[in-house]
Amino acid sequence: MASDLTESFSRPRVAAGALFFDHLGWVMMVVPSYKDYLDIPGGYIEHGETPTQAVAREVKEELGIIPPIGRLLVVDWAPNPSEGDKQLFVFDGGVLDQDWLDQIVLDPAELTGYEFHDVASITEVTIPRLARRITHGTRARGEGSTVYLENGETVS
């Protein structure tokens, strides 16, 4: 009986990412070598890692820097038809000044570049669900709040 119950439990893939900003308040978007849209720095959480440990590791692996990672901005329950249940944590990476930008060394196996984009036009460069997550995360950052989303949308 116990095995029947555990088979019905969700086992989501869990990922963590960070929103980094420039001095204008534009958000950093990375150019993955394996996706056809821009993304935020981050990735899947490994066994035994916490979301904060994972985002710090992913930022170091992808960008080659270890900036301080701030507070949680967004949790999004976002199932994907091809990948199943997913839970995504988005943290405040803060402002990357020129000193941080000068230290970036991209992992060529994962990224081909990075760009900063105005959050108001983020829907033009990424998938809708991620664009909503970025928009809500940016607003939560400004308000000092944390937002829970499902598929990038607030739940009332």
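Reader: How many aromatic pairs does the structure hold?
Author: This is a predicted model. The structure holds 1 aromatic pair. Its members are Tyr114 and Phe116, set edge-to-face.

Reader: What are the centre-to-centre distance and the angle between the planes for Tyr114 and Phe116?
Author: The centres are 6.1 Å apart, with 90° between the planes.

Reader: And Phe116, buried or exposed?
Author: Phe116 is buried, because its relative accessible area is 17% and the cut-off for buried is under 20%. Tyr114 is partly exposed, at 29% relative accessibility.

Reader: Switching topic. Which ring does the charged end of Arg13 sit over?
Author: The ring of Tyr44. The charged end of Arg13 is 4.1 Å from the centre of that ring.

Reader: Where does Tyr44 lie?
Author: Tyr44 is in strand β3. Tyr44 is partly exposed, with 29% relative accessible area.

Reader: Which side chain does Tyr44 have a polar contact with?
Author: That of Glu83, at 3.1 Å. Leaving out residues up to four places away in sequence, Tyr44 also touches others, including Val14, Ala15, Arg57 and Lys86.

Reader: How far is the C-alpha atom of Tyr44 from that of Leu88?
Author: They are separated by 8.8 Å. Along the chain, Tyr44 and Leu88 are 44 residues apart.

Reader: On to pockets. How much space lies in the largest pocket?
Author: About 500 Å³. The elements giving two or more residues to its lining are β1, β2, β3, α2, β5 and α4.

Reader: Which element gives the largest share of that lining?
Author: Strand β5, with 4 residues.

Reader: Which residues lie nearest the centre of the largest pocket?
Author: Ala15, Lys35, Asp39, Lys86 and Leu88. They belong to a lining of 28 residues.

Reader: Tell me about Asp39. Which loop holds Asp39?
Author: The loop between β2 (27–32) and β3 (42–44).

Reader: Is Asp39 buried or exposed?
Author: Buried. Asp39 has a relative accessible area of 14%, so it falls below the 20% cut-off.

Reader: Which side chain does Asp39 join in a polar contact?
Author: The side chain of Lys35, at 2.4 Å. Both Asp39 and Lys35 are among the residues nearest the centre of the largest pocket.

Reader: What else is Asp39 in contact with, leaving aside neighbours within four places in sequence?
Author: Met28, Met29, Val30, Pro32 and Leu130.

Note on methods: Residues numbered from 1 in each chain as written. Predicted model: local features only at pLDDT ≥ 70, side-chain atom pairs only at ≥ 80, totals over all residues. Heavy atoms only, no water. Buried < 20%, exposed > 50% of the residue type's maximum accessible area, 1.4 Å probe, protein only. Polar contact = N/O pair within 3.5 Å; in protein donor to acceptor, adjacent residues only side chain to side chain. Contact = heavy atoms within 4.5 Å. Phe/Tyr/Trp six-rings, centres within 6.5 Å; stacked < 30°, edge-to-face > 60°. Lys NZ or Arg CZ within 6 Å of the ring centre and 35° of its normal. 1 Å grid on protein atoms, 1.4 Å probe; cavity = no way out; pocket = protein on both sides within 12 Å on 5 of 7 lines; lining within 4 Å. Points joined across faces, edges and corners; volume = space filled by probe spheres on them.
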